[in-house]
Amino acid sequence: MLSQQHRLIRDMVRIRCVEEALAELYRDEQLMRTPTHFSIGQEAVAVGMCAAARREDVVYSGHRSHAPYLAKGGDLDAMVAELYGKETGCARGRGGSVHLMDRAAGFGGSAAILGEMIPVAVGAAWAFAMEGAPRVALTFFGDGASEEGALSESLNFAAVHRLPVVFVCENNGYSIASPVAARQPGDTSIHERARAHGVPSLLVDGNDVFAVHRAALVALEWCRSGRGPFFLELSTYRWREHVGPGWDHDEAGGYRPKAEVDSWIARCPVRGAADAVRAADPDVDARIAAWEDESRAEVARAVERARSAPFPDVADLLDGAYGPGHPTPADPR
């Protein structure tokens, strides 16, 4: 039976292999006609947080959603089919990469609009509080979304009503091409601004999955005990471009210094976790190699199933757009 540490490493390896395989297919096949934001390099955040959550807790995410979806137990086949726009996708092929959901796994949904799911998570937490249910909502967002008014309003509302919601800021240093230093005062930090709302907060190394997991346990217990919301700022870094499978460092025609990208790749969360347990488990590298083989085979099977799945029927494309029981508008033609 795997230890907690080994499960955390295994889950990061799985997400890494899934996303790397999908990135290559996205680039080479040109069959996934959806904007796709990869979390390669940021796996420790999603894995550490979701491993600490219970199945009945609900996770919401922004556009970089594959990692939290999979870490929370989302169905891989349904996610891959969604990227291919197939009827078997988790949003029936209507949403693509940025609109994932798996209610059975406790993944409430993701959306592309910056900061959109932050107040949605607060609404879910309000429902939990009103029901007296020992459930917690978690909302993942980036440093760019921390500048949206929705976050300040949500922090205030959650603090006033002592709602069980964990705000998870994945600070990867960039809002598309704009570094944090170009957008936020240098003598402030995101978690300190959250604290100004009366919300307890922590700054954590988001590439250390064990540190993330420990912080997540603290935050979730705080919320579950009825003491209100908690804020975590997790410092991490995306290896690939903001949207798409390529690279955006200066040697690839992009805007980030390659030396900066390389320095963060050297801080790989999978490698760091392996180094941390190697003394106690000299066979950890062999374990990782086996998990890589298993994960690549798993995603290959999911891709084959997605390729052979049907596309949505054109006649049904508006199903659900107006809610159950509401007919779709007549064709104006």
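1. A reader new to this structure may start with the strands: S1 and strand S3, the latter covering residues 137–142, pair in the parallel sense over three bridges. Within that pairing, Val59 has Leu138 of S3 as its bridge partner. The model is a predicted one, and the remarks below should be read with that in mind.

2. Strand S1 also pairs with S2, again in the parallel sense and over three bridges, and here the bridge partner of Ser61 in S2 is Ser110. Strand S1, which runs over residues 58–61, is covered on both faces. On one side Val58 and Tyr60 are buried, and on the other side Val59 and Ser61 are buried as well.

3. Ser110 deserves a paragraph of its own, and a colleague might begin by asking in which strand Ser110 is found. Ser110 belongs to strand S2, which spans residues 107–110, and with a relative accessible area of 6% Ser110 is buried, because the cut-off for that class is under 20%. Leaving aside residues up to four places away in sequence, Ser110 touches Ser61, Gly62, Ser65, Val98, His99, Leu100 and Met117.

4. Two of these neighbours are also linked to Ser110 through polar atoms, as the next values show. The side chain of Ser110 makes a polar contact at 3.4 Å with the side chain of Ser65, while a polar atom of the Ser110 side chain lies 2.9 Å from the backbone nitrogen of Leu100.

5. Turning to charged side chains, how many salt bridges does a search of the whole structure find? The search finds 19 salt bridges, among them one between Glu87 and Arg92, where the closest N and O atoms are 2.6 Å apart. Glu87 is partly exposed at 24% relative accessibility, and Arg92 is likewise partly exposed, with a relative accessible area of 32%.

6. A further salt bridge joins the side chains of Asp275 and Arg278, with 2.5 Å from N to O. Asp275 is partly exposed with a relative accessible area of 45%, and Arg278, for which the value is 28%, is partly exposed too.

7. The salt bridge between Asp281 and Arg287 has its closest N and O atoms 2.8 Å apart. Is Asp281 buried or exposed? At 8% relative accessibility Asp281 counts as buried, whereas its partner Arg287, at 33%, counts as partly exposed.

8. Salt bridges also link three residues into a network, namely Glu29, Glu304 and Arg307. Glu29 falls within helix H1, which covers residues 4–29, and Glu304 and Arg307 fall within helix H11, which covers residues 284–308.

9. Helix H1 has 26 residues and reaches 37 Å from its first C-alpha to its last, which is close to the 38 Å expected at 1.5 Å a residue. After H1 comes Gln30, and the phi of Gln30 is positive, near 60°.

10. A last point concerns Arg296, which lies in helix H11 and is partly exposed, with a relative accessible area of 42%. Although Arg296 and Val80 are 216 residues apart along the chain, their C-alpha atoms are separated by 13 Å.

Note on methods. Residues are numbered from 1 along each chain as its sequence is written. This is a predicted model: local features need pLDDT of at least 70, side-chain atom pairs count only at pLDDT 80 or more; totals for chains, interfaces and linings use all residues. Side-chain values use heavy atoms; hydrogens and water are left out. A salt bridge is a side-chain nitrogen of Lys or Arg within 4 Å of a carboxyl oxygen of Asp or Glu. Buried means under 20% relative accessible area, exposed over 50%, partly exposed in between (1.4 Å probe, protein chains only). Helices (H or I, at least four residues) and strands (E, at least two) are DSSP runs, numbered from the N terminus. A polar contact is a pair of N or O atoms within 3.5 Å; within protein, one must be able to donate a hydrogen and the other to accept it, and residues adjacent in sequence count only if both atoms are side-chain atoms. Contact means heavy atoms within 4.5 Å. Two strands pair if DSSP finds at least two bridges between them. The expected span of a helix is 1.5 Å times one less than its number of residues.
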